[in-house]
There are 2 protein chains.
Amino acid sequence: MGVLSEGLTQVLIPVAALIGLGFALLQWYLVSKVRVSGHSGGHKSYKDSLIEGDFEEGVDSLEVSAKCAEIQNAISVGATSFLFTEYRYLGIFTGVFGVIIFLFLGSVKGFSTKSEPCTYNTGNICKPALANALFSTIAFITAFRSGAVMGFLLAANGLLVLWVTINLFKLYYGDDWEGLYESITGYGLGGSSMALFGRVGGGIYTKAADVGADLVGKVEKNIPEDDPRNPAVIADNVGDNVGDIAGMGSDLFGSYAESSCAALFVASISSFGVSHDYTAMSYPLIISSMGIVVCLLTTLFATDIFEVKNVSEIEPSLKRQLLISTVLMTAGIATVNFFALPSEFTLFNFGTDKVVKNWHLFFCVAIGLWAGLAIGYTTEYYTSNAYSPVRDVADSCRTGAATNVIFGLALGYKSVIIPIFSIAIAIYVSFSLAAMYGVSVAALGMLSTIATGLAIDAYGPISDNAGGIAEMAGMSHEIRERTDALDAAGNTTAAIGKGFAIGSAALVSLALFGAFVSRAGIKTVDVLTPKVFIGLIVGAMLPYWFSAMTMKSVGSAALKMVEEVRRQFNTIPGLMEGTAKPDYATCVKISTDASLREMIPPGALVMLTPLIAGTFFGVETLAGVLAGSLVSGVQVAISASNTGGAWDNAKKYIEAGVNEHAKALGPKGSDAHKAAVIGDTIGDPLKDTSGPSLNILIKLMAVESLVFAPFFATHGGIIFKWL
Amino acid sequence: MGVLSEGLTQVLIPVAALIGLGFALLQWYLVSKVRVSGHSGGHKSYKDSLIEGDFEEGVDSLEVSAKCAEIQNAISVGATSFLFTEYRYLGIFTGVFGVIIFLFLGSVKGFSTKSEPCTYNTGNICKPALANALFSTIAFITAFRSGAVMGFLLAANGLLVLWVTINLFKLYYGDDWEGLYESITGYGLGGSSMALFGRVGGGIYTKAADVGADLVGKVEKNIPEDDPRNPAVIADNVGDNVGDIAGMGSDLFGSYAESSCAALFVASISSFGVSHDYTAMSYPLIISSMGIVVCLLTTLFATDIFEVKNVSEIEPSLKRQLLISTVLMTAGIATVNFFALPSEFTLFNFGTDKVVKNWHLFFCVAIGLWAGLAIGYTTEYYTSNAYSPVRDVADSCRTGAATNVIFGLALGYKSVIIPIFSIAIAIYVSFSLAAMYGVSVAALGMLSTIATGLAIDAYGPISDNAGGIAEMAGMSHEIRERTDALDAAGNTTAAIGKGFAIGSAALVSLALFGAFVSRAGIKTVDVLTPKVFIGLIVGAMLPYWFSAMTMKSVGSAALKMVEEVRRQFNTIPGLMEGTAKPDYATCVKISTDASLREMIPPGALVMLTPLIAGTFFGVETLAGVLAGSLVSGVQVAISASNTGGAWDNAKKYIEAGVNEHAKALGPKGSDAHKAAVIGDTIGDPLKDTSGPSLNILIKLMAVESLVFAPFFATHGGIIFKWL
């Protein structure tokens with residue numbers, strides 16, 4: 001037993017969560033107090049006024065404010081409408097999927113054997129099945145809410161709901177901790193299913209609107225980006241919200257839920273669970289609680305100690321946030337380990353027990369945390385236009401779009417090297433020290449600074465949206481330039497966020513994979529058996545199939561948007577002249593419907609693959625599929641995100657003309673800039689749809705396999721039984 | 001014992017090889033008799049005259065002939081000069097590498113343990129080491145020669161040299177078949193090392209020259225492709241030879257040598273070897289002999305039975321060749337199995353014996369053969385402009401280069417699905433029926449129609465070259481159009497060839513991987529151990545690293561070419577006006593030097609990875625690396641080749657304007673065409689350098705691991721020993 005008592009643990013976790021929620025609400029209050037107009041009077045701090053100085057072009061400030069509010073409202077209505085539509089489909093999906101889970105798992109009679117860790121008695125066979133089915137719904141709701149807001153709200157909300165649910169389920173399960181924590185795996189499945197809708201549906205939405213708006217507006221009608229005459233412009237800005245904010249949030253929430261669940265499940269069948277040590281059992285939750293406190297401190301550093309005075313300080317400041325939170329969290333982990341864990345314990349390791357020391361777990365969590373930092377900094381190096389890689393890509397625009405694309409692709413390929421080595425080291429250390437429990441807490445370590453990470457990540461689309469609103473409201477060029485600079489930093493931080501998301505997804509998937517293998521009763525996953533090997537090679541193919549599907553989905557949805565925008569330009573008189581208002585709502589509706597319809601094929605691929613592989617080919621082939629898609633998907637996702645981010649920032653580098661080199665390539669409209677725009681457009685679906693969606697592919701397949709493992713172990717491998 | 005006696009086997013193999021050689025020489029003689037001029041008089045068959053009808057533009061035919069001969073000579077001199085330079089470096093490389101092999105393996109004392117199949121006695125420990133070191137050189141020479149010519153010459157030459165060497169080595173090894181066939185693995189290593197130079201060096205050469213020539217000629221100076229005023233034009237055509245012909249040849253030769261060696265090695269430690277059944281032992285060679293005969297018959301079908309009358313018949317005719325050779329070969333395999341194999345035998349299967357029936361092996365070889373056909377046909381579907389995928393890509397050029405690139409990338413991703421399932425099925429069947437021996441003979445099955453496959457593949461670059469010569473010699477537009485149509489079919493067949501190459505590389509690598517695991521004395525390669533998993537994820541990253549390197553190499557080499565071409569245009573007076581001749585030789589030299597220098601980093605990555613992974617991390621991590629790079633590399637290679645092929649043909653589709661749709665997109669110079677040209681340029685390094693080079697990555701790492709396995713098993717894993 002550790003120093004921390006069960007009673008104190010039961011208090012500390014919800015208190016940390018509530019502090020996080022309170023802090024989030026406070027931040028929200030502070031943000032809502034920011035005035036748009038520059039004529040605020042009194043002292044000027046960045047908290048109070050976004051628009052400083054005089055307007056060069058004599059735009060009336062009241063009119064601008066009113067316009068801003070109007071546009072903001074339109075975007076907000078669009079986003080809410082999308083999320084509610086998405087939510088309706090999600091509701092149907094949840095119901096159907098819940099029934100499927102119940103049927104599959106309910107049909108398994110006495111699937112537990114000696115080789116498996118689970119020890120059911122006949123009476124409660126259906127309990128986990130039912131619980132899984134029910135519980136997914138709760139997580140859907142949580143994830144949905146959390147995905148819609150950011151940072152602290154997400155971290156605190158996720159933690160609080162998990163804690164509440166564990167305590168509620170305890171009333172039902174009583175002392176059957178294995179059953180209790182096994183049913184909690186449904187939380188992960190729920191989070192991941194929500195992420196499927198948020199990431200894939202949202203990803204298709206955002207890029208369909210973006211590409212559709214650009215193809216007609218910029219290419220055909222020759223009007224600038226974010227011009228209010230473009231009917232798809234609101235849909236484009238809604239897309240930034242639902243794809244880049246809600247999608248990213250639900251993705252990271254899914255990772256958080258899954259890594260917690262994987263850790264809890266493994267712990268429940270280890271000495272923590274067997275000896276009913278509640279505090280040690282709650283280790284993953286305590287780590288997350290500490291994470292909230294650490295991120296709170298980190299935010300205070302940014303807002304109160306190192307105040308950001310101008311745009312060029314933003315990127316270093318955001319980077320510093322990452323570093324500060326990582327250093328503080330390292331100390332936090334040591335503290336948690338000292339107080340919450342016994343000095344020695346045993347962990348379940350594929351059928352055997354592994355003796356683990358207190359400080360071993362410290363290294364597991366810390367290595368995950370620091371690997372996250374390494375991934376973040378590498379991503380920053382490859383996607384920020386302050387360093388040579390992006391500048392080389394910008395330089396290659398001299399010789400046209402083709403060299404730009406070649407250099408961009410090569411940059412993306414190269415950018416996977418260090419992240420993969422970081423992930424490999426994190427996996428080796430955590431895996432060796434504490435088996436699959438180690439891997440899942442390493443993932444939690446990477447995600448422990450999620451509040452800071454998400455704040456940094458959300459910064460990009462918010463700046464992008466702000467730029468759009470500024471443009472539409474007819475604000476001065478100075479403001480537009482400032483939001484562009486913010487947006488460039490935002491591209492980098494968004495790429496960093498994607499790096500975290502994929503890195504944690506890799507660790508989480510491995511942990512879930514390990515839990516699946518344990519639960520399915522497999523002892524080894526030997527590459528040298530044909531069943532596993534074909535799974536491995538087909539699994540490695542899935543990210544390509546999935547990417548092809550999501551890219552095609554963006555294309556089809558964008559095409560529908562193009563038709564609608566063309567129709568409006570042709571049928572609404574005075575639209576081009578700015579005398580008539582476009583019908584924004586129809587574009588939002590088209591994007592909403594198209595994105596939800598277009599996510600069906602990739603969604604089906606993700607949801608059906610484990611079911612088909614498990615049912616027809618059995619658990620070994622499925623294990624191969626999971627391993628293959630994991631090791632291959634990580635590479636595709638990282639390279640796609642970074643290539644896209646680099647192209648976007650290469651374009652911004654040329655536009656901004658910060659130095660002689662950039663000026664020689666520019667200005668806007670030069671041949672080099674045109675080549676850069678082509679790269680940027682290609683990068684859009686890569687970095688915002690197909691790349692990040694792969695996280696969902698690898699995580700959701702793993703957690704689904706885990707939930708259905710007992711069924712596959714009993715009834716799976718039909719084809720090989722026939723042969 | 002089979003029906004075929006040892007004596008007869010010893011006669012049949014060299015006879016088949018000699019027939020192949022004779023046929024190749026006959027074909028060569030026939031080709032050399034083709035006259036360039038149209039004024040041949042007498043009857044006109046396609047064998048006698050390439051230029052039919054009158055010249056519309058009154059170009060004097062004698063002058064044209066003379067110019068053709070001159071250009072041909074320049075290209076031939078350039079190619080020979082490159083190959084000889086390459087050969088010199090290869091010589092040094094071979095010497096150094098031979099010494100390394102000797103030192104590494106010579107240092108292994110008594111590495112054979114009970115768990116390993118090899119049973120050395122103290123006396124001949126160094127024999128395989130020395131033999132490996134020496135034998136690599138022979139294979140280098142063979143591969144070098146074979147790589148320079150095509151089809152039959154390669155198949156027959158490879159077979160003959162292998163047969164001669166086995167018989168020569170027999171004099172030394174006598175009855176020690178294990179030692180004999182283990183030393184033969186050096187043949188594979190040699191073939192693959194040559195392929196490294198041919199594929200990677202040649203690939204960089206061809207695209208550096210191509211991109212360099214285009215960037216200055218087409219983009220800056222606005223002169224047409226293949227214009228004789230462009231100083232890099234000869235280097236470009238030389239590139240088609242050394243990259244697409246010699247490179248492809250050496251790649252497939254490497255696959256052929258490795259799969260034969262892997263099969264022979266496994267057989268030598270199975271009942272064939274133990275019972276000294278020479279005929280059954282030579283089964284891989286007999287299959288190849290049968291392949292030569294089958295391909296000869298297939299060629300007769302094409303040239304004498306179904307005569308090709310016009311350009312549109314070419315692609316169907318080439319496709320028919322594939323089908324005919326596959327059907328005939330299926331019967332051929334059945335025949336060989338009946339005569340050469342005993343009805344039942346045992347094969348070595350990772351430490352255990354597996355009883356295999358005669359007809360099991362038939363299915364192994366046949367499934368490889370038919371999987372090759374499936375890959376070929378799928379590739380054709382995705383890269384030929386006769387079908388909807390390429391037409392959709394062409395159509396996407398309407399909305400600019402960005403959509404063209406997105407659709408092209410998505411097409412490439414999608415095109416991996418069927419090939420991967422084909423490979424997976426081939427692996428499952430052959431692996432289940434006859435373990436690693438099955439996999440290696442499946443690879444041989446896929447390669448058994450290599451003579452036909454290479455003839456089809458070589459067709460592309462030959463047409464490309466012919467088009468270039470026609471343009472430079474100032475032949476009529478009609479001829480240029482005809483060569484363009486030939487070239488479009490050639491892009492498809494080249495993609496088919498690449499599909500075969502990567503498919504067989506996947507099977508070969510798996511077989512070598514199996515042989516490596518056996519020889520290193522590992523029983524299982526369990527994904528659920530940290531050592532293997534980190535190997536797997538890092539291995540899956542290597543294709544990206546390698547691709548980034550080769551793409552960068554093309555960029556750097558192309559840049560050097562650009563500088564030289566610019567220099568010539570600026571310093572040679574009258575060059576642009578056509579009154580002065582450019583200095584072709586300097587461009588050839590620059591391409592040669594740059595490509596060989598630029599292949600060092602990717603080459604080092606391939607050669608050093610197994611050595612570092614094996615020495616520092618041990619055989620399990622190395623096994624993970626091999627499996628990871630195999631399953632990930634296959635996907636990258638297939639998608640890169642097909643994307644590139646599709647872009648090239650989308651451009652050709654628009655240029656040719658064969659139907660209303662294509663005409664609406666064209667003509668040359670339209671916006672859609674410009675977008676298509678950008679896609680084509682991006683595809684060049686993907687389809688001709690980075691994509692196909694990945695075959696080398698996965699094969700060479702596997703065969704190198706196999707050769708060094710005893711060293712790694714004894715001394716490897718230094719880091720883990722320290723920890």
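Visitor: What area is buried between chain A and chain B, and what part of it do carbon and sulfur atoms give?

Guide: Welcome! This is a predicted model, and in it about 5800 Å² is buried between chain A and chain B. Carbon and sulfur atoms give 87% of that area. On the two sides, 60 residues of chain A are in contact with 60 residues of chain B.

Visitor: How many salt bridges and how many polar contacts cross the interface of chain A and chain B?

Guide: The rule finds zero salt bridges across the interface. It does find seven residue pairs in polar contact there, both partners having pLDDT 80 or more. On the chain A side, at least two residues each come from helix 13 (401-414), helix 14 (417-447), helix 16 (477-520), helix 17 (530-571), helix 19 (600-656) and helix 21 (671-715). Helix 17 of chain A gives the largest share, 14 residues.

Visitor: What does chain A contain, and how many of its residues count as buried?

Guide: Chain A has 22 helices and two strands. Of its 723 residues, 66% count as buried. Among the contacts in chain A with a separation of 6 or more, 84% are between residues 24 or more positions apart.

Visitor: Which residues touch the most other members of the largest nonpolar core?

Guide: They are Phe513(A), Phe516(A), Phe513(B) and Phe516(B), in a core of 330 residues. Take Phe513(B): setting aside residues up to four places away in sequence, Phe513(B) touches Val527(A) and Leu528(A) in chain A, and Val525(B), Ala623(B), Leu626(B) and Ala627(B) in chain B.

Visitor: Now to charges. What makes Glu598(A) and Lys560(A) a salt bridge?

Guide: Their closest N and O atoms are 3.8 Å apart. The cut-off is 4 Å, so the pair qualifies. The two residues are 38 residues apart and link distant parts of the chain, with Glu598(A) in helix 18 (residues 584-598) and Lys560(A) in helix 17 of chain A.

Visitor: Why is Glu598(A) called buried, and why is Lys560(A) called partly exposed?

Guide: Glu598(A) has a relative accessible area of 12%, and buried means under 20%, so the name fits. Lys560(A) has 31% relative accessibility. That value lies between the 20% and 50% limits, so Lys560(A) is partly exposed.

Visitor: Why is Glu258(A) said to have no salt bridge?

Guide: Lys699(A) is the nearest side chain of opposite charge, and it is 4.4 Å away. A salt bridge needs the atoms within 4 Å, so this pair does not count. Glu258(A) is buried and sits in helix 6 (residues 233-268) of chain A. The side chain of Glu258(A) does make a polar contact of 2.2 Å with the side chain of Ser192(A). Leaving aside neighbours within four places in sequence, the contacts of Glu258(A) include Gly188(A), Val508(A), Leu512(A) and Val703(A).

Visitor: How do you know that Asp648(A) and Lys652(A) form a salt bridge, and where do they lie?

Guide: Their closest N and O atoms are 3.3 Å apart, within the 4 Å limit, so the name applies. Because they are four residues apart in helix 19 of chain A, about one helical turn separates them. Asp648(A) and Lys652(A) are both buried.

Visitor: What about Lys687(B) and Asp688(B): why do they count as buried?

Guide: The relative accessible area is 5% for Lys687(B) and 6% for Asp688(B). Both values are under 20%, so both residues are buried. Their side chains meet in a salt bridge of 3.1 Å, N to O. In chain A, salt bridges that share partners join Lys207(A), Asp210(A), Lys498(A), Asp648(A), Lys652(A), Asp684(A), Lys687(A) and Asp688(A) into one network. Over all chains, the search finds 36 salt bridges.

Visitor: One more: what makes the pair Asp395(A) and His661(A) a polar contact?

Guide: Their side chains are joined at 2.9 Å, and the limit is 3.5 Å, so that distance fits. Asp395(A) is found in helix 12 (residues 388-396) of chain A and has 27% relative accessibility, so it counts as partly exposed. Asp395(A) also touches Leu665(A). Those two are 270 residues apart in sequence, yet 7.3 Å apart in space, C-alpha to C-alpha.

Methods: Residues are numbered from 1 along each chain as its sequence is written. Chains are lettered from A and ligands numbered from 1 in the order in which they are written. This is a predicted model: local features need pLDDT of at least 70, side-chain atom pairs count only at pLDDT 80 or more; totals for chains, interfaces and linings use all residues. Side-chain values use heavy atoms; hydrogens and water are left out. A nonpolar core is a set of buried Ala, Val, Leu, Ile, Met, Phe, Trp, Tyr and Cys residues joined through side-chain atoms within 4.5 Å. Buried means under 20% relative accessible area, exposed over 50%, partly exposed in between (1.4 Å probe, protein chains only). Contact means heavy atoms within 4.5 Å. Lys and Arg count as positive and Asp and Glu as negative; His and the chain ends are not counted. A polar contact is a pair of N or O atoms within 3.5 Å; within protein, one must be able to donate a hydrogen and the other to accept it, and residues adjacent in sequence count only if both atoms are side-chain atoms. Buried area is the accessible area (1.4 Å probe) that two parts lose on being put together, summed over both.
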